[in-house]
Amino acid sequence: KMVLAQVVYQGKNDSEDSGLRFATCQLLWKQINSETEKIQEELNKQLFDNLIHFLRQSHSELQTKKTEWMCRMKSSEIPTAALVLGVNVTDHDMTFKSLSEVLQDNVTPYVVSLQAKECPGIKHLLQKLMGQLMDCNVDVDSSEEEECVNISQKKIRCSMASLSKWYESVTKKTDSETPSKKRTSSSRHWQSPPIVVIFKDMESFTTKVLQDFIVISSQHIREFPLVLIFGIATSPMIIHRLLPHSVSSLLCIELFQSLSCKEHLATVIDKLLLTTQFPFKLSEKVLQVLINIFLYHDFSVQNFIKGFQLSIVEHFYSQPLSVLCCQLLEAKKRVNSLSHNQCENIRSLPSFRRYVESQVSEKQIALLTEDSFLKEVTQTLLEDLHIYHENYFTVLRCLHVFTTSLPKYPLGKQIRELHCACLGKSVWETEEYESAIQLLRMLAKDELVAILQKCAEIFISSSGKQFSNTVEKLEEFLARFQNLEETSEVQDVSVSSQKELQKTTDLYHLQKTLLALKESKRSKKLTKFEMLRFEVVDFIDSLVRSYLAPAEMQTLNEVVYFNTANTLREHLNAAPRIALHTALNNPYCYLKNQTLKSDVGCISNTAPDICIVYKLHLECGRLINLVDWLEAFSTVVTAVEGTDPDAVATDQVDEIIHARFIRAVSELELLGFIKPSKQKTDHVARLTWGGC
Amino acid sequence: MSQLELKRNKALEARFVADEDVLKHISDNGGVKVRKDRAQLELNIKRFVKKLENISDDDEAQEILEEQNYVAVLGACAEDSLKNGSSAGGGEIYSFQTPKRSGKMAELASELAQTPGKNVTFESSQYPEKPASTPKSSKKYSASNKAELKSKKNEFVSTTPYRLRKRLTAPSLRSDSESDYSASCSEEEEEDKDHKETSDVILDQKTPSKTRAAPASKKTPAKKLKEEMTSNLVEEYFEAHSSSKVRTSDRTLQKLQKRKLDQQTLLVLLNKAPPAFTAELKELNQQHESLFSKWMLQLHLGFSIVLYGLGSKRDLLEKFRTSLLQDSVHLVVNGFFPSITVRSILNSITEEVLDHMGTFRSPLDQLDLIMKRFKEDSSLELYLLIHNLDSKMLRGDKSQQILAQLASLPNIHLIASIDHINAPLMWDQAKQSLYNWLWYETTTFSPYLEETSYENSLLVQQSGSLALSSLTHVLHSLTPNARGIFRLLARYHLENKDNPSYPGLSFQDFYQRCREAFLVNSELTLRAQLTEFRDHKLIRTKRGTDGVEYLLIPVDNGTLTDFLEKEDEDI
């Protein structure tokens, strides 16, 4: 498979390291994929721990109840966990998959997950349930295999009774096993493990099936421990809407809330994009497209990652220099083995051209003619790029700490927004940054100190050595703030002005005093704190200016940045109707023939038949008379062919035109614009509205 | 006059009308109906609407700006607006429109015909007469003065798109084809005509109030206009859909004395038609073909590929298959084939790819087996090419679910094409994530020859060659008695072909006849036979109003006649 894909790869770009590129791409994706899985796991850990705790509790209750006869007789409540997962349905599968894995590893081998589409009736549900349970049994105990196969072959009647019988036999067997074996199984699983049934999409189940299942199993709850887990996409209310009180009273429901998809995305972005761990980067527009698909379309982290994957593939496929998109050391090695062709590719990069132009002329010549010199320079440039990224992310996080404390978040609340703003253009030239800095100059001391401490932590934890000065500087600031506190001098001016403010009552005077205050502040010598604050803000500003330069300005950024947001959008978020409409309305978009050029809303009469027929049908109401349509069509077509219109005016419409018309109309029918109508003979009905 | 006033108050919108206007109306049209006022109003409103579409007042500009913002937010960068034509906003494409009058198509046709390859601004001199749309002389012509009225009416038909508007200033269009227009429902016809007349009359006399109204509308504040527009659009939509009557001409293809073409002659004729834009089409195709290796790569990485855009994508996929998939296991599904089912797709996978002999209780079981086998054996690999994933047979929810699950397997690579405008609605989030689509726009402009050939288009003579052959095939496998039974029914069916209220042959009647012909000896045997027929779709049963079961043959009479003739020859 791998080989085949490589061949495919080579088919297009030869001598540009396509094989290596493919391998790099695969490796990178593998790393990223495992990273995402790890993230998912970590994020779900809390939830799963809670669930397991719940299971344990309900389980132990059941166990104790077994001994107490009274309780046993009375309660037939099934412990149920309602798991609210949010609307991002596409992500649920992964959550459930890891959930059942975790449960199987830690709690019980008997985990069954059911989907609504597999269970149209209670019979199917039980069948699925039994089937999956039998399979689990095989997994737990391979010696049991034969018997199990026998059972499933016999297709015993799937009923709760047989289920409880099965459970009894299974638990007995494990009890009677050799102690060594028992220990291994009990170390992982609990004594008489519960049967956990997961309803993946509770909302889609038919009410009847759910009700029946719950009622039936509540009858048998005493015979084997059963726990239900409902996966809910909307709100917990749905349980009560789906189940009548008589049924829901049989459940002992506890609610669990999964992590919100927004937090999930934030973590994914933080771990995948805002790091130097992976060499591949997304440009601002691409990231914007992916985030927008997430926010406006599906809230699905899975889809976000899919888009990320697609951009990796696209990047490595279309950019020959992406071969250098790997870890720095490896990339430096690869630079040495670049072909002449690839060197030319480097020279044609816009960012590299900019770089060359900024050099002295001898160096320019050398760069453009000598491959070996170019390779040397490329290595240093790649290193620069790497360092740029290291600094960038650290300073970005630092700036984010500052901006999140501001009212109204001029630079965005999430770090991804800030990231986008910095990636695209020089952030310090934007108005938002301007206002953010203004607001920073008004921060209170406590806040400022807290923020500075956080920043210092960020810088310390960053790997970049070049920030030691910065850390020192920050610590110095912190120390000075500390000193300020000790020598806290009475700020008489402000106090007095405060008093003044309290005195004034009417608006006019207030305004006047405020203005005067402002005036005085401007002229007045600043307090020590204010001066220090200015200093801090200026320092941050200088950091931003030196480290948060837009990525596009970096030399060789094309190697690691995927830039064509357009392709991504086309492939992930296509608009087939618009494409169809454009093709029909304005064929010139696709067929670059001068005769097809036309004004907006008009169509040339030499256009393909289907376009003409489409255009004509737009003029009609709900029903279209085929004869009129045919005549109109032949009018247009004959006019193009230059035949005498009078000749056509006779009843004889050319057969060929007739045939073409038939084809065009059937095509429109296939496309879903019209359908045959029986309302009137020889009429078709329009299925769309408007369209001029 | 007081009566008239009263009438207006009842039936129409309350509106202030100057006395002199009223007087004028009355003196002008004598006893004609007063409904004209309403008609006028409607027309005016429609005009407002139209105008609004053209005038870019502040509000609209603002809206457009907002829309652009949204588009920009979605990352629709400037460079793609050229390629994708995404400049066409949704509103522009599928806005609600006022129902159009029937003459429009012919008019547009003549307009298009007049433009020699390029668009030319129209002048009245360029407008000699409507060429081909004039019907034959045998058609009854309306009185000349009426025709004139109609031409004037055209001036005021506000539903005309603005690009047609300029043309409408051309004097005296001959729109006599309207004379044989009627509603689709005969009982409403009278009223309809009524209405037409009134409107004619109103339009005939340009009452001053009307001419005043038009410019006034321009001055109305934009906001007010907008409100009016939205409410009116809604009203118009429901107005257009509330009544079942639609005015279109009564002409039928039969009157054209044109023989219906069958599929074969159609093909022959189409082959004669000169191909257009071959160079451009080739270029388009080459663009798409350059993507082949990319598709291959992406298929291997677990994506599925869906092709959309105007034009048949069959050849393209075929080419993809022949150039890249020759050495690998692949399955081509012609979704447009009318008898394709998911089951047959699954069957060919299990039988031909997995070499599994055996039957399955349900497609779900079959799917389970396939998924299991493919998961177990990672060396198994299958390319699934589906032409028209959105065809009638495959678009069902269950079919899509099964196909999506197939596509989600890492070693099944799906590449499919869709054509229907609403095809994406087949998939919800869950299915989409199973499919893991990558969309590729492949507009080819090539004709949908194969795809439409199975369709029962209105225009193509349902030659029924397919139906006929299936008829004969099925019947040949039956006993002579069974054939006799069917012949009996067919004869009866043909005897009654001219009877429009023929409900079918009642079961009891049929039984009697069969007994008399010594074809069956009990009701049970006949029932058994009929079940067989029904399974092969040779007959249909229908319950009449009296609860009696009627039998029908859902094959057209021509085919049936052919069939009987053939049968008679055989015997």
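Buried, in these notes, means under 20% relative accessible area, exposed means over 50%, and partly exposed is what falls in between (1.4 Å probe, protein chains only).

**Ground rules.** I am looking at a predicted model, where local features need pLDDT of at least 70 and side-chain atom pairs count only at pLDDT 80 or more, while totals for chains, interfaces and linings use all residues. Residues are numbered from 1 along each chain as its sequence is written, chains are lettered from A and ligands numbered from 1 in the order in which they are written, and side-chain values use heavy atoms, with hydrogens and water left out.

**Entry 1: a covered strand.** I started with strand E7 of chain B, residues 437-441. Strands here are DSSP runs of E with at least two residues, helices are runs of H or I with at least four, and both are numbered from the N terminus. E7(B) is mostly covered, with five of its five residues buried. In a regular strand the side chains alternate between the two faces of the sheet. So I checked which residues sit on each side of E7(B): Trp437(B), Trp439(B) and Glu441(B) are on one, Leu438(B) and Tyr440(B) on the other, and both faces are covered.

Next I looked for a neighbour, counting two strands as paired if DSSP finds at least two bridges between them. Strand E3 of chain B (residues 304-308) pairs with E7(B) in the parallel sense, over five bridges. Within that pairing, I noted that Val306(B) has Trp439(B) as its bridge partner.

**Entry 2: the cores.** A nonpolar core is a set of buried Ala, Val, Leu, Ile, Met, Phe, Trp, Tyr and Cys residues joined through side-chain atoms within 4.5 Å. Which residues touch the most other members of the largest one? They are Phe352(A) and Trp295(B), in a core of 128 residues. Helix H19 of chain A (residues 371-404) gives the largest share of this core, 14 residues. Apart from it I found another core, of 84 residues, with Ala607(A), Tyr614(A), Leu616(A) and Ala407(B) among them.

I then listed contacts, meaning heavy atoms within 4.5 Å. Leaving out residues up to four places away in sequence, Trp295(B) touches His288(B), Ile305(B), Leu307(B), Leu316(B), Phe320(B), Ile415(B), Tyr440(B) and Thr442(B).

**Entry 3: two helices of chain B.** The expected span of a helix is 1.5 Å times one less than its number of residues. For the twelve residues of H14(B), 278-289, that should give 16 Å, and the end C-alpha atoms are indeed 16 Å apart. Its buried residues are Glu280(B), Leu281(B), Leu284(B) and His288(B). They cover an arc of only 100° around the axis, which puts them on the same side of H14(B); the arc is that of the directions from the helix axis to the C-beta atoms. I see Thr278(B), Ala279(B) and Lys282(B) exposed on the face turned away. The buried residues pack against H15 (292-300), H16 (314-324) and E7 of chain B.

H18(B), residues 363-376, has 14 residues and reaches 20 Å from its first C-alpha to its last, close to the 20 Å expected. Gln366(B), Leu367(B), Ile370(B), Met371(B) and Phe374(B) are its buried residues. These fall within an arc of 135° seen down the axis, so they line one face of H18(B). The face turned away carries the exposed Lys372(B), Lys375(B) and Glu376(B).

**Entry 4: salt bridges.** I counted a salt bridge when a side-chain nitrogen of Lys or Arg is within 4 Å of a carboxyl oxygen of Asp or Glu. The whole structure has 24 over all chains.

In chain A, Arg480(A) and Glu476(A) meet at 3.4 Å, N to O. Both lie in helix H23 (residues 468-486), four residues apart, about one turn of the helix. Arg545(A) and Asp541(A) form another, with the closest N and O atoms 3.0 Å apart. Arg545(A) is partly exposed at 40%, whereas Asp541(A) counts as buried at 12%.

In chain B, Lys431(B) pairs with Asp397(B), the closest N and O atoms being 2.6 Å apart. Lys431(B) lies in H20(B) (residues 429-435) and Asp397(B) in H19(B) (residues 397-408), so the pair ties together parts 34 residues apart in sequence. Is Lys431(B) buried or exposed? I find it buried, with a relative accessible area of 2%.
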